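Please open the model in a viewer and keep the selection panel at hand. The stops below proceed from the contact between the chains to a pocket and then to enclosed spaces.

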Amino acid sequence: MKHKEKLVTLKNVWKIYQMGEVKVPALKGVSVDIHKGEFVAIIGASGSGKSTMMNLVGCLDLPTKGDIFLKNQNITKLHESKLSVLRGKTIGFVFQQYNLIQTMTALENVLLPLELQEMNDEKAKKQAIKVLKLVGLEDKMYNRPTQLSGGQQQRVAIARSLANDPEIILADEVTGALDSVTGKEIMKMLTKLWKEENKTIIMITHDLNLANYAQTIIELKDGEIIKIKNNNKQTTVRT
Amino acid sequence: MKLRKSLKFAINMVLHSKLRSWLTILGIVIGVASVIAIISLGEGMKQSLNSQLGGLGGDLVTVSPGFSSSSKFTHGRGPGGGGGSSSVATEEEVVLDRGDLQALKGISDIELMDTQVRGSVDVSYLGKKGSVTLTGVDQKYWAQITISEIDEGRMLGPADQNVIVIGGKLAEGYFDQPIGINKMVTIEDMAFRVVGILDDSSTSIIMPIMMAYQVIDDKETGIYDSIIIKIKDEENLDLVVEKIENKLKMIRHVTEKTKDFSVSSNKQTQEMIAEFMSSMTMFLTAIAGVSLLVGAVGIANTMFTSVLEKTKEIGIMKAIGAKNKDIMTIFLFNAGLIGLVGGVIGVIFGIILSSLMPIMMSGMGRLGSETVVSINSIILSLSVSIIIGMIAGVIPAYQGSKLKPVDALRYE
C-alpha cells in the first residue's frame, strides 16, 4: 500500500446496546486501521454490526469500550462541540435516504455544512457551486429535493458531503434506494472522488458487487471482523 | 454556526411550519391583543379623566363646607366622625361666607379666589324647557382660575351682568335648536345672553354670582358653596393647603375633630384617581397576562412536537457538523419567532380592538370613549411575547440539542 498515514483507527472497540433487560453486543472488540487515500468497503449481512461500525467511524456515536482515533485524536475523549467541528471538517456523509433538508434548495443544502463551519458567505457560495458542478447539478441548484429525482438527490447529498473538502467520504448504502443504472453512476462518482480528488472513501454495503469497487474489503459477522482482504479484482472504472 | 444563519434557518422553519404553528401563534395573538387593548383602555381612561379634571389646575385648591367625599379620602375620616353636639348642629347649616373669604385673603400664598354657588335651574330656549346645573362664579376672577376652555365667544368679564357662558353640549345637543353666541336663554324667567360656549361636553351654565343668587331658589347672598383658590406657587401646594386649613379652623372656631369644611386640591384628586386607575389597569393587564401565559404553554407544546418532528433533521445537521449550541440556538430562535410573529399580529389586532372598544363601550359614558395605544405598551408586549416564546422554547430546544446524532438519524 502506498498510503501509510493512518486516518481512522479502531482499537478494541466494543459497542453494546441495552435492549430492555438484555445487553446486545453489536461490535465485539473490533480493531482496524484505515489509511489516507484508501477505498474501504465494510460488508456484512444485516445485524453484522456494519451500521454500528459506520456510526462509530463517522463519530456519530461513541463506543462502549475501546478507543477510536480520527486524525490521531481520540474521539472518545473529545467534547461534543469539538467532535462536531471535527466531524464537520473531516467527514462527509452520504446516506441511503439522501437525508437532504426538504425545505431547502439544493444550493442551500450544500451551503449548510459550510455555514455550520462559519465560512464567509461569498466563499461558501463559490465552494457550494463548485461542488454542485462537480456532481453535474449546477443547473438544478435552486430546486428543492422534491423537484429532483433520486439520483439527483443523491448527487446533491454527495455535493454536500464534499462541501467542506473533507478527507473522508462515508457512504452508507448509497445506492440502496436507487435503480441499478443510477446506482452505477453514483458508484462511478465515488470512485472518481477517490481517484481524482484523492478522498478516502469508506463505504458500507451489503452488496458484494458494489464492494468490488473498493480497494480493501472488511467483512463483519456478528460484531467481529472475519476478513480484511485486499481487492485485486478491483473493478476498473472508465470515466 | 453564525447567529445570523441560525436565525435564517429558524425563519425558514417558521415559514414552512404547518397549521399547528399558526394555532400556537394564535394563542399568543389573543394574549398580546388583549394586553394591548386593556392597557390602551386604561391609558385612555386616564387621559380622559385627566382632561376632565384638567391636566392643568394643579395649583387650584377647593374649599367646600362640610366633609366632601374627597376629603374623606384625603383625611381618612367619615362625615360626622367628630361627634359632639356642635358638629351635629352645624352639619345642616354649614356654609362658607364672607368671613371665611376675608380670612383667606390674609394668606399671602394665594393669588386669586373665585367664589361659587351651584344649583339646579329651569332653563328654556325657543319654547323648549330643561333643567340644568348652574354655577355662579365671581366673574372678576373666574376666567383666570377656570380650567375650562372657551370654544366660541368669550369668558365672563368683570363688568358682565345678564350674560352666561354655557357648556358645549347645552349649546349643541340639548335643545332642538343649537344655541349660538348672542342668543337669549331664559333661566327661571330671567333672560340671559350667551357670550361664550365652553369646549367641553357639559350642559352647565356659568353666570356672574350676583345674578346666580337671584335665579337659584335657596341661595342667600354672601353664602358660597365653594371657594376656588389659585395659589402662587404650585410647589408649595401642601404647605398652602395646611395654611388654609389652619386659618379656617381658627376663624370658624373648630378643631381637627369638629372640622366642618374640607380643603381639597385638584392635584391630590388627580393623583388619587391616577393611582386608582393604574392599579385597575394593572389588575386587568394581569388577567390578560394569563392568556399570554397560556400562549406560552402552547409554544412549549408546539416546540416539543417540532423537535420531535425535526429529529431527523437534527440528526442530519449534527452529522454534517452542527454543534449542540447550533441546534439549541435554532430552536430558541424558532420559539422566539413564534412569539414575535404572534406578538406583531397581536399588536395589530390589539390596535384594531382598541379602536373598536369605544364603539362597543359607548353605553358606558365618557370613560370608555377613548383608548390610547402607547408605544410603551407595544414594546412591552412585543418583548414579553418574544421572551415568553424563548423561555417556553428552552426545554424543547435543550432536548433537541442533546439528541445523539445516531439516534436522531435513525428516527423516522
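**The contact between chain B and chain A**

Begin by selecting the residues at which the two chains of this predicted model meet: 25 residues from chain B and 28 residues from chain A take part in the contact. Together, chain B and chain A bury about 2500 Å² between them, and carbon and sulfur atoms account for 58% of that area.

Next, turn to the charged and polar pairs. Between chain B and chain A there are 5 salt bridges. To view a salt bridge, select B:Lys5 and A:Glu115, whose side chains meet at 3.4 Å, N to O. The count of residue pairs in polar contact between chain B and chain A, with both residues at pLDDT 80 or more, is 7.

Now colour chain B by helix. On the side of chain B that touches chain A, at least two residues each come from helix 1 (3–15), helix 11 (311–319), helix 12 (324–360) and helix 14 (405–410) of chain B. Which of the helices gives the largest share of this side of chain B? Helix 11 of chain B does, with 6 residues. Recolouring by residue class shows 11 charged, 10 nonpolar and 4 polar residues on the side of chain B that touches chain A.

**The second largest pocket**

Move to the second largest pocket, the volume of which is about 550 Å³. Its lining comprises 23 residues; select A:Ser51, A:Asn55, A:Gln96, A:Asp172 and B:Arg410, the closest of these to the pocket centre.

Then display helix 1 (50–57) of chain A and helix 14 of chain B, each of which supplies at least two residues of the lining of the second largest pocket. Helix 1 of chain A provides the largest share of that lining, 5 residues. Helix 14 of chain B has already appeared on this tour, as a contributor to the side of chain B that touches chain A. By class, the lining of the second largest pocket holds 10 polar, 7 nonpolar and 6 charged residues.

**The largest cavity**

A search of the whole structure finds 5 cavities of 30 Å³ or more. The largest cavity holds about 70 Å³ of space. What lines the largest cavity? Select A:Met104, A:Glu108, A:Leu111, A:Leu112 and A:Glu115 from chain A, then add B:Lys5, B:Lys8, B:Phe9 and B:Asn12 from chain B. The lining thus includes B:Lys5 and A:Glu115, the residues of the salt bridge viewed earlier.

Helix 3 (106–116) of chain A and helix 1 of chain B each give at least two residues to the lining of the largest cavity. Its residues comprise 4 nonpolar, 4 charged and 1 polar.

**The second largest cavity**

Finish at the second largest cavity, with a volume of about 60 Å³. From chain A, select A:Gly88, A:Ile91, A:Gly92, A:Phe93, A:Pro113, A:Arg160, A:Ser161, A:Asn164 and A:Pro166; from chain B, add B:Ile320 to complete the lining.

Strand 6 (91–94) and helix 5 (150–163) of chain A are the elements that give two or more residues to this lining. The largest share, 3 residues, belongs to strand 6 of chain A. A final recolouring by class divides the lining of the second largest cavity into 5 nonpolar, 4 polar and 1 charged.

Key: Residues are numbered from 1 along each chain as its sequence is written. Chains are lettered from A and ligands numbered from 1 in the order in which they are written. Side-chain values use heavy atoms; hydrogens and water are left out. Contact means heavy atoms within 4.5 Å. Buried area is the accessible area (1.4 Å probe) that two parts lose on being put together, summed over both. A salt bridge is a side-chain nitrogen of Lys or Arg within 4 Å of a carboxyl oxygen of Asp or Glu. A polar contact is a pair of N or O atoms within 3.5 Å; within protein, one must be able to donate a hydrogen and the other to accept it, and residues adjacent in sequence count only if both atoms are side-chain atoms. Helices (H or I, at least four residues) and strands (E, at least two) are DSSP runs, numbered from the N terminus. Ala, Val, Leu, Ile, Met, Phe, Trp, Tyr, Cys and Pro count as nonpolar, Asp, Glu, Lys and Arg as charged, and the others, Gly among them, as polar. On a 1 Å grid over the protein atoms alone, a cavity is a set of points where a 1.4 Å probe fits but cannot get out, and a pocket is an open set with protein on both sides within 12 Å along at least five of seven lines; lining residues have an atom within 4 Å of a point. Grid points are joined across faces, edges and corners, and a volume is the space filled by probe spheres set on the points.
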